[in-house]
Amino acid sequence: MSEALHVHHDTAVGHDVHHDDHGHHHQSFISKYIFSMDHKTIGKQFLITGIVWAIIGGLFSVLFRLQLGFPGQSFPILETFFGHWAKGGTIQPEFYYALVTMHGTVLVFFVLTAGLSGTFSNFLIPLQIGARDMASPLMNMLSYWFFFMASIIMISSLFIQTGPASGGWTMYPPLSALGQASDGSKLGADLWLISMALFIVSQLLAGLNYISTILNMRTKGMSMTRMPLTIWALFFTAVLGVLSFPVLLSGAVLLLFDRNLGTSFFLSDIVVNGQILPNEGGSAILFQHLFWFLGHPEVYIILLPAMGMCSEVLSVNSRKPIFGYMAMLGSMFAIAILAFLVWAHHMFVTGLNPFLGSVFVLLTLLIAVPSAIKVFNWLTTLWRGNIRFTPAMLFAIGFVSLFISGGLTGIFLGNSTIDIHLHDTMFVIAHFHIVMGVASMFGMFAGIYHWFPKMFGRYLNNTLAYFHFWVTIIGAYLIFWPMHYEGLAGMPRRYLDKSIWVSFNQFGSLDQMITIVTVIVFAVQLMFVFNFFYSIFKGRKVTSTNPWGATTLEWTTPILPGHGNWTGEIPEVHRWPYDYGKDGREFIPQTEPIGANESKH
Amino acid sequence: MQTFFIVAILALGFLVTFQIAKASEYVAVLRGEEKTRKQTNKINAFMLLAFLVFGLIGVFYCNATLKGKILGEAASDHGKNIDMMLYITLALTGVVFFITQIALFWFSFKYQEKENRKAFYFPHNNKLELIWTVIPAITLTILVGFGIFYWFKITGEAPKDAMVVEVTGSQFKWEFRYPGKDNILGKKYFKQISDANNNPLGQIWDDPANHDDIYVAGEPLHLIVNKPVKMVIGAKDVIHDVGLVHFRMKMDAVPGMPTTMWFTPTKTSKQMKEETNNPNFVYEISCDQMCGKGHWSMRGEIVVETQAEYDAWMATKKPKYWAAFPDKDPSAKQPAAAPVADTTKPEPVAMLAK
């Protein structure tokens with residue numbers, strides 16, 4: 001083992017020399033900032049693209065919330081911007097469904113997958129394991145540019161005559177396969193599928209790179225169990241992505257065939273608008289299996305990086321080791337395995353064999369055990385700490401709160417009996433927005449506030465940061481907590497106007513409140529974006545290499561590390577990353593050798 | 001104009017907040033960053049505690065305001081089981097919710113940074129970890145046990161004496177078919193579907209089971225109180241979903257793959273009007289699976305009534321077969337028309353052969 005590590009160390013030194021050679025060359029703007037192969041720059045590219053997407057996706061939600069809160073009311077400004085999509089200032093049904101579809105697609109894939117794990121895997125993996133760069137910087141660069149192309153194609157679909165895809169972010173055929181059934185299923189759906197295919201290529205390039213970097217390029221002494229939990233989380237995320245994204249790719253390609261080449265993978269027995277289609281023998285449900293085989297691991301692809309980063313932030317700012325490192329690791333492993341075995345819980349009411357359904361109930365509720373372990377371990381990490389409430393820490397605490405709230409409602413939905421009633425109602429919206437959407441966003445904010453000094457050598461403005469946190473957490477609960485009640489009343493999701501319904505029209509004032517809060521929360525997110533960009537250039541400067549007093553390797557680099565990260569040799573690691581408060585010392589960096597009479601953990 | 005003011009106010013608020021934020025940063029630097037940080041720490045710790053207290057009050061307030069707006073007692077036997085399961089889950093998760101949230105915010109407040117406090121080095125404890133692995137596992141076993149018990153009850157075979165009714169979804173309407181006296185739904189083939197030929201569901205007229213099937217559309221579906229009903233569900237174009245909130249039932253309608261669900265309505269529409277104090281009460285069928293631009297308005301109605309009322313309603317209905325072949329209708333019958341019928345009859349067979 002030690003020999004193997006030694007070899008790694010040697011290659012790393014070789015790398016080092018190579019970079020010193022290049023250090024003297026003047027890098028052009030293009031190779032430094034655009035087609036960069038530096039993992040840190042690529043991470044920032046993912047982050048900034050993710051932020052742009054988050055603004056677009058968030059704005060979509062504000063628009064459709066306007067319709068939900070004030071159905072039938074005219075907002076002339078909408079017509080100015082969106083023309084016939086908002087005729088007379090009211091959002092047309094086609095537009096509404098395009099908005100919800102794009103909101104889901106953009107947030108799930110482009111923001112919380114690429115923007116979250118793309119940013120922090122790139123930025124943190126080499127810095128925290130002690131590597132000069134990724135295993136393949138070229139593949140890393142390509143992964144960003146495939147993502148960029150996917151983004152361009154998705155954006156272009158917003159501007160075509162028939163509009164973007166509008167069959168929901170899950171794109172269930174036959175609706176998404178038949179242009180006759182919906183305007184969004186014309187050119188928009190093809191563009192959606194092509195964009196997703198490119199996106200998947202990007203994710204595979206990135207994921208393989210993350211895995212090989214973590215397995216092969218750790219610095220001397222950095223055994224797998226000395227890695228920070230962030231790295232473990234990003235590792236499991238990458239494994240999940242590599243194993244599940246290809247399944248979605250097959251689904252997307254088959255759907256493209258059904259749409260354009262006359263195949264019948266997902267189509268059978270269809271009469272649409274009085275027109276009898278020739279397709280027979282396909283299965284619309286097959287697509288759902290392919291989709292959710294990715295779709296369920298996908299929620300953990302989104303959530304795991306947030307869990308990892310929050311574990312790190314909670315430990316650093318409690319000035320205490322993370323409680324139960326091995327249990328945290330084991331539960332992430334269990335989550336990663338179970339993530340592949342629960343997909344059909346999205347399909348309890350599709351006519352699934354009831355026995356199969358019961359197996360999925362068992363496996364689904366099983367996931368609650370590792371999730372509970374993680375929550376209890378986070379709570380114990382806080383217990384008897386000496387807590388510093390940095391903005392990152394507040395977002396990490398908020399993450400735990402949201403993860404508890406949203407995780408518990410998952411126990412309702414994972415139980416097929418209750419799911420019969422709650423399936424596809426607003427309860428589902430409330431559940432996954434809290435546990436996957438907002439919680440992961442909180443993880444991302446925690447990560448940004450914590451590592452911004454490392455990224456840009458400056459701090460974000462604290463007052464704005466605290467303001468951002470408090471408005472966002474209060475707003476998130478105000479928006480999504482009461483929404484559970486709409487779901488308990490059986491109100492289906494994706495209903496843009498409830499006035500014709502006797503059973504669902506009793507929540508008018510609640511919907512107005514939710515919409516108003518949404519607008520406020522969105523405005524505060526814009527303020528965060530402003531803070532982000534302003535602070536890159538004008539923020540308070542970081543003066544010490546280790547501003548949070550953390551033990552991990554990224555804080556042993558210079559304040560603004562160049563390509564190659566460490567100026568001299570890569571430091572050697574002697575201990576696990578959570579020696580906080582040990583033997584009366586504030587913290588002991590990973591690089592410090594174990595003392596002669598140091599206590600063991 | 002209103003929009004302009006809103007935008008202006010937002011922009012102004014933005015500017016003011018930013019200026020305050022910038023100023024406070026300068027003040028922090030002037031006063032000593034460490035001192036300011038400690039003060040902010042105290043404020044945020046207090047805010048977390050306040051958030052917990054107001055949050056819990058909010059949870060109760062929200063419940064008090066909204067619980068009257070969710071559904072009353074379920075109107076089907078399965079619905080009662082589902083509600084029971086919901087309450088069991090709510091009770092167990094509720095306990096966990098309060099314990100963990102209170103612990104989270106209370107610990108945050110209590111263990112805020114203090115001058116003389118040392119963090120307790122506590123990296124792991126096998127006993128604790130075992131406890132909170134085993135307890136959730138037991139709790140979840142209980143939930144899985146109850147859940148699967150009810151699930152098999154609900155999704156099991158329909159009773160033999162259940163009435164059968166077919167529900168077909170298409171953009172954006174519901175159509176119904178009763179099996180008639182023989183209690184058998186006749187065979188269908190989607191290429192037979194033709195509104196012009198009076199065959200909206202694609203019934204194969206060759207199958208004699210189709211001859212007495214009753215087609216109902218554009219009016220409520222009628223069901224009999226306390227009599228189990230088995231729904232055979234299908235779709236013509238895209239996936240829909242038959243959502244019956246008051247019965248707590250739901251099942252997708254998938255083109256090319258018939259699905260079924262059964263339940264027993266336990267309250268007539270009249271009873272529900274009285275119980276809910278709402279003279280306009282109707283049982284509604286909602287579409288719960290995104291199906292296109294009219295998804296939100298894909299509404300159907302159900303009337304639950306006594307056997308006698310149902311029989312009287314059913315007596316007014318005629319099989320669709322008679323509409324497709326008017327000469328087969330015994331009420332509009334002269335014996336002279338019979339030969340004509342013979343020549344028309346082979347036609348659908350020929351179509352089928354193609």
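Helices here are DSSP runs of H or I with at least four residues, numbered from the N terminus. Keep that in mind while working through this predicted model.

**Exercise 1. Find the helix that holds A:Ala197, then decide whether the residue is buried or exposed.**

Step 1. Going by those DSSP runs, A:Ala197 belongs to helix α7 of chain A, residues 187-216.

Step 2. Buried means under 20% relative accessible area. A:Ala197 comes in at 18%, so buried is the label.

Step 3. Now look for a partner in space. A:Ser250 sits 53 residues away in sequence, yet the two C-alpha atoms are 9.1 Å apart.

**Exercise 2. Classify the ring pair A:Phe46 and A:Phe147, and say which parts of chain A the pair ties together.**

Step 1. Start with the whole structure: a search over all chains turns up 90 aromatic pairs.

Step 2. Pick up the geometry of this one. The ring centres of A:Phe46 and A:Phe147 are 5.4 Å apart and the planes make an angle of 15°, so you call the pair stacked. The cut-off for that is planes under 30 degrees apart.

Step 3. Place the two residues. A:Phe46 is in helix α3 (residues 39-69) and A:Phe147 in helix α6 (residues 137-156), so parts of chain A that are 101 residues apart in sequence get tied together.

Step 4. Check the surroundings. A:Phe46 has a relative accessible area of 0% and is buried; A:Phe147 is buried too, at 0%.

**Exercise 3. Do the same for A:Phe293 and A:Trp343: what kind of aromatic pair do they form?**

Step 1. The centre-to-centre distance is 5.3 Å and the planes are 70° apart, which makes A:Phe293 and A:Trp343 an edge-to-face pair. Over 60 degrees is the cut-off for that class.

Step 2. On to location. A:Phe293 is part of helix α9 (residues 284-318), while A:Trp343 is in the loop between α10 (325-338) and α11 (354-366), so the pair links parts of chain A that are 50 residues apart in sequence.

Step 3. For exposure, A:Phe293 has a relative accessible area of 24% and is partly exposed.

**Exercise 4. Track down salt bridges that join chain A and chain B.**

Step 1. Over all chains, the structure holds 33 salt bridges.

Step 2. Take B:Lys293 and A:Glu94, whose side chains meet at 3.4 Å, N to O. This pair crosses between chains: B:Lys293 is in the loop between β9 (283-287) and β10 (299-305) of chain B, and A:Glu94 is in helix α5 (residues 93-129) of chain A. B:Lys293 is partly exposed at 44%, and A:Glu94 is partly exposed at 23%.

Step 3. Next comes B:Lys191 with A:Glu280, a salt bridge at 3.4 Å, N to O. B:Lys191 is in the loop between β2 (173-178) and β3 (214-217) of chain B, and A:Glu280 is in the loop between β2 (275-276) and α9 of chain A, so two chains are joined. The relative accessibility is 34% for B:Lys191, partly exposed, and 38% for A:Glu280, also partly exposed.

Step 4. Add A:Arg540 and B:Glu33, which meet at 2.6 Å, N to O. A:Arg540 is in the segment after α18 (508-538) of chain A and B:Glu33 is in helix α2 (residues 33-66) of chain B, so this pair joins two chains as well. B:Glu33 is partly exposed at 42%.

Step 5. For a network, turn to chain B: salt bridges link B:Glu34, B:Arg37, B:Lys38, B:Glu113 and B:Glu115.

**Exercise 5. Which rings have an arginine over them?**

Step 1. B:Phe120 is one of them: A:Arg384 lies over its face, 4.0 Å from the ring centre.

Step 2. A:Trp501 is another, with the charged end of B:Arg299 over its ring at 5.9 Å from the centre. The distance cut-off is within 6 Å.

**Exercise 6. Describe the nonpolar surface patch that includes B:Phe146.**

Step 1. The members are B:Leu130, B:Val134, B:Ile138, B:Ile142 and B:Phe146, and together they have about 450 Å² of accessible area.

Step 2. Zoom in on B:Phe146: it lies in helix α4 (residues 126-155) of chain B and is partly exposed at 35%.

**Exercise 7. Set the UniProt domains against the secondary structure.**

Step 1. In an unreviewed entry, UniProt puts "domain: Cytochrome oxidase subunit I profile" at residues 29-574 of chain A. That span is 66% helix and 1% strand, with its end C-alpha atoms 39 Å apart.

Step 2. For chain B, the UniProt record (unreviewed entry) has "domain: Cytochrome oxidase subunit II copper A binding" at residues 160-316. Here you get 10% helix and 36% strand, and the end C-alpha atoms are 26 Å apart.

Definitions and conventions: Residues are numbered from 1 along each chain as its sequence is written. Chains are lettered from A and ligands numbered from 1 in the order in which they are written. This is a predicted model: local features need pLDDT of at least 70, side-chain atom pairs count only at pLDDT 80 or more; totals for chains, interfaces and linings use all residues. Side-chain values use heavy atoms; hydrogens and water are left out. Rings of Phe, Tyr and Trp (its six-membered ring) pair if their centres lie within 6.5 Å; planes under 30 degrees apart count as stacked, over 60 as edge-to-face and the rest as tilted. Buried means under 20% relative accessible area, exposed over 50%, partly exposed in between (1.4 Å probe, protein chains only). A charge sits over a ring if NZ of Lys or CZ of Arg is within 6 Å of the ring centre and within 35 degrees of the ring normal. Patches are made of residues with over 30% relative accessible area and no salt bridge: like charges are joined within 9 Å, nonpolar side chains (Val, Leu, Ile, Met, Phe, Trp, Tyr) within 5 Å. Accessible areas come from the Shrake-Rupley method with a 1.4 Å probe; for residues, only the protein chains shown count as cover. A salt bridge is a side-chain nitrogen of Lys or Arg within 4 Å of a carboxyl oxygen of Asp or Glu. UniProt positions are given in the numbering used here, feature names are shortened, and annotations may be inferred rather than shown by experiment.
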